Amino acid sequence: MNIRQSFNRALLGAVCGALLLVSPASAAEKKIVMRYSHSSSAMVKEPHHAAALDFKNYVEKATNGKVDVQIYPGSQLGGEERSFQDIQQGVIQIASLAVNNVTVFSPSMGVFDLPYMFTNYEDCYKLIDQNWDEINKRMIAESGNMAVGWLVQGFRVLSNSKRPINTIEDLKGLKIRVPNNPIMIATFRAWGGEPAPMAWDETFNALQQKVVDGQENPYPVFASNKFEEVQKYITEIHYKVWIGPIVVNAAWFKKQPADVQKAILEGGRLATENNRKMIAEMETDLVKVLKDKGVEILAKPEDEPVWQEKAMGVWPQFYDKIGDISLLDTMMKSLGRTRPQ
């Protein structure tokens, strides 16, 4: 072996040794980690978690493992408003949360809080699907974040422990727990009820101790929190759908490789589609389960048009908070309606 051969072999050995040293680190650097936060329990049949699993499984497979989606359920990484901020700041990469917690950072999303914006799922899904890009333009402009999916947990139904609510008169005098949301508070006041803004983690005890008489939430939330133990009656008022986007940071998203961007968008759409099917099945099943447990479930109020008229009467009070209401007008146009003046 001459000097040149000896040198080449030594050089090759050095290079191979260096590659062996850096390969694990390089592989780790190429792995794109997406920390996914949501506030619900880690149950396969829980809508938030099911959507997270759908997203994870699709994206990891579509990118051949280039993306590692790590799910953190049960607000392990903080509450919903915190998760939205953490996405803005790059602390985490993705989260699903109630849209009313997005409006703090993107006021235009307040359109989804307006009562009777839609009264059936068909209109709800049509509104989101036809205006998806326009909604994102507004959310990005206001917050820097964007939605890659839209989840529902069902229409919010009204429950209480005192009496059946068949008409708007039956609501009078009842204290109803609501989120600390100005639109929802104003809505219940317009109906003649007594809204009681309260933190979610205080709600069950407040119902149990009769501090409040009732609450409003979708069937899956009612059932998962065992509210049948403290609530006797449910009325399907259908005034508002629980809606929540799956959000990522738009700037972070644009920096990802094209195949990763494609997988994220497709994973979000898949989670959205599966969620809609899941909720339809869950509501049917849960009505039967809750009836078997002794909950009296009533249909929509006999005087539903009165509820709708009074609730939509509060809309103009919140146009200033929503800001530029052109998005609202676009959405209403897609539903063949006009906004209250």
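In this predicted model, Gly336 takes a positive phi of about 70° at a position just after helix H12. Helix H12 itself spans residues 326–334, and its buried residues are Leu327, Leu328, Met331, Met332 and Ser334. Around the helix axis these residues cover an arc of only 160°, and they therefore fall on the same side of H12. Such an arrangement can be read against the general geometry of the α-helix, in which there are 3.6 residues a turn, so that residues three or four places apart point the same way. The partners against which the buried residues of H12 pack are helix H4 and helix H11, the latter formed by residues 319–322.

Helix H4, which runs over residues 121–143, also packs with helix H9, residues 258–292, at an angle of about 175° and with the two axes 13 Å apart. Because an angle over 145 degrees counts as roughly antiparallel, H4 is described as roughly antiparallel to H9. On the H4 side the contact is made by Tyr121, Tyr125, Ile128, Asp129 and Trp132, which meet Arg269, Thr272, Arg276, Ile279 and Glu283 of H9. Taken by character, the residues of this contact divide into 5 nonpolar, 1 polar and 4 charged.

Attention may next be given to a strand residue. Leu151 is placed in strand S4, which comprises residues 145–155, and with a relative accessibility of 2% this leucine counts as buried, because the term applies to values under 20%. When residues up to four places away in sequence are not counted, Leu151 touches His48, Ala51, Ser96, Trp242, Ile243, Gly244, Ile246, Ala271 and Asn275. One of these contacts, that with Ile246, joins residues 95 positions apart in sequence, whose C-alpha atoms are 7.3 Å apart in space.

Positive phi values are also found at two lysines. Lys210, a residue other than glycine, has a phi near 65°, and it is found in the loop that connects helix H6, residues 203–208, with strand S8, residues 214–217. Lys226, although likewise not a glycine, has a positive phi of about 55°, and its place is in the loop between helix H7, residues 219–224, and strand S9, residues 233–235. The relative accessibility of Lys226 is 45%, and this residue therefore counts as partly exposed.

Terms used: Residues are numbered from 1 along each chain as its sequence is written. This is a predicted model: local features need pLDDT of at least 70, side-chain atom pairs count only at pLDDT 80 or more; totals for chains, interfaces and linings use all residues. Side-chain values use heavy atoms; hydrogens and water are left out. Helices (H or I, at least four residues) and strands (E, at least two) are DSSP runs, numbered from the N terminus. Buried means under 20% relative accessible area, exposed over 50%, partly exposed in between (1.4 Å probe, protein chains only). Contact means heavy atoms within 4.5 Å. Axes are lines fitted to C-alpha atoms, for helices over the stretch in contact, and angles run from 0 to 180 degrees between N-to-C directions. Angles under 35 degrees count as roughly parallel, over 145 as roughly antiparallel, 65 to 115 as roughly perpendicular and the rest as oblique. Ala, Val, Leu, Ile, Met, Phe, Trp, Tyr, Cys and Pro count as nonpolar, Asp, Glu, Lys and Arg as charged, and the others, Gly among them, as polar. The arc is that of the directions from the helix axis to the C-beta atoms.
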